[in-house]
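Hi everyone, thanks for coming. I'd like to walk you through one model today, so let's put it on the screen and look at it together.

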Amino acid sequence: MKEKSIELLNKAVADELSAVHQYMYFHFHCDDQGFDLLANLFKRTAIEEMMHIELVSERILFLKGEVEIAASEKVKKIHQVKDMLVMAAKMETQSANDYNQWANICSQNADSVSKKLFEQLVADEERHFDQYDVEMENLKKFGDNYLALQSIERSKNLASQTTTE
Ligand SMILES: [Fe+2]
Ligand SMILES: [Fe+2]
């Protein structure tokens with residue numbers, strides 16, 4: 001039944017690729033608006049999703065499958081921070097749910113290594129969800145001040161940089 005594992009692992013590659021694209025899109029829009037903390041969070045998470053692709057792809061190759069490099073979703077052109085966080089949290093919840101189910105399917109098919117891999121991904125996606133959830137709470141608590149503080153922080157950092165001539 002390794003075909004079923006390969007199919008599920010390739011679905012994971014497609015979803016992880018979509019996450020990389022979406023988070024990088026959020027990264028450069030936050031960066032453009034001067035929100036360094038969020039820009040870094042999205043970039044760091046995108047890099048972690050890329051490492052998920054690496055882990056999953058290695059498993060597909062071990063099972064003698066072909067890795068399909070195609071994103072499952074198009075990038076959504078969202079520019080508001082609140083909407084970005086809502087979407088990111090939703091994506092992480094969906095991934096955790098999917099990977100939990102796929103771990104069970106792999107277990108039923110006696111593929112314990114793929115099962116463990118999916119479980120490892122669930123733990124990472126839940127951590128990602130938590131990070132986005134914290135930022136959503138901050139935004140709710142502090143409102144626009146939360147974003148203003150990030151812009152001020154950037155200006156302070158830029159101002160403190162010494163120029164060499
Ligand atoms: Fe991931
Ligand atoms: Fe994630």
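Let me begin at a side spot before we get to the metals: leaving out residues up to four places away in sequence, Asn138 touches Gly143 and Tyr146. Asn138 is found in helix H4. Is Asn138 buried or exposed? Its relative accessibility is 19%, and the cut-off for buried is under 20%, so Asn138 counts as buried. Please keep in mind throughout that this is a predicted model.

Now let's step back to the whole chain. The protein chain has 5 helices and 0 strands, so to speak an α-α-α-α-α run when read from the N terminus. Its C-alpha atoms fill a box of roughly 60 × 40 × 25 Å along the principal axes. Of the 165 residues, 43% count as buried. If you take contacts between residues at least 6 apart in sequence, 82% of them join residues at least 24 apart. On the outside, the chain exposes about 9700 Å², with 55% of that supplied by carbon and sulfur atoms. As for charge, there are 19 positive and 29 negative side chains, and the centres of the two sets lie 2 Å apart.

On to the metals. Which protein donors hold the iron ion we call ligand 1? They are Glu16, which gives two OE atoms, then Glu49 (OE), His52 (ND1) and Glu125 (OE), lying 2.0 to 2.2 Å from the ion. Along the chain, these donors follow the spacing E-x32-E-x2-H-x72-E. Glu16 lies in helix H1 (residues 2-32) and Glu125 in helix H4 (residues 112-142), so this pair ties together parts that are 109 residues apart in sequence. Both Glu16 and Glu125 are buried.

The iron ion that is ligand 2 is coordinated by Glu49 (OE), Glu92 through two OE atoms, Glu125 (OE) and His128 (ND1), at 2.0 to 2.4 Å. Here the spacing along the chain reads E-x42-E-x32-E-x2-H. Distant parts of the chain are linked at this ion too: Glu92 sits in helix H3 and Glu125 in helix H4, 33 residues apart. Glu92 counts as buried because its relative accessibility is 2%, and Glu125 does so at 1%. And what lies between the two ions? Glu49 bridges the iron ion (ligand 1) and the iron ion (ligand 2), which lie 3.9 Å apart.

Last, the packing. In soluble globular proteins, nonpolar side chains tend to be buried together. In this model the largest nonpolar core has 24 residues, and those with the most contacts inside it are Tyr23 and Phe42. The elements giving two or more residues to this core are H1, helix H2 (36-62), helix H3 (81-108), H4 and helix H5 (144-160). Which element gives the largest share of this core? That is H3, with 7 residues.

Have a look at Phe42 if you like. Setting aside neighbours within four places in sequence, Phe42 is in contact with Tyr23, Phe26, His27, Cys30, Met84, Leu85, Ala88 and Tyr132. Apart from that core lies another, of 21 residues, among them Ile60, Ala96, Cys106 and Phe118.

That's my tour, and I'm happy to rotate the view for anyone who wants another look.

Note on methods. Residues numbered from 1 in each chain as written. Chains lettered and ligands numbered in written order. Predicted model: local features only at pLDDT ≥ 70, side-chain atom pairs only at ≥ 80, totals over all residues. Heavy atoms only, no water. Donors = N, O, S within 2.8 Å, 3.2 Å for Na, K, Ca; no water. Helix = DSSP H or I, 4+ residues; strand = E, 2+ residues; numbered from the N terminus. Buried < 20%, exposed > 50% of the residue type's maximum accessible area, 1.4 Å probe, protein only. Contact = heavy atoms within 4.5 Å. Areas by Shrake-Rupley, 256 points an atom, 1.4 Å probe, with all protein chains shown as cover. Lys, Arg positive; Asp, Glu negative; His and termini not counted. Charge placed at Lys NZ, Arg CZ, Asp CG, Glu CD. Core = buried A, V, L, I, M, F, W, Y, C linked by side-chain atoms within 4.5 Å.
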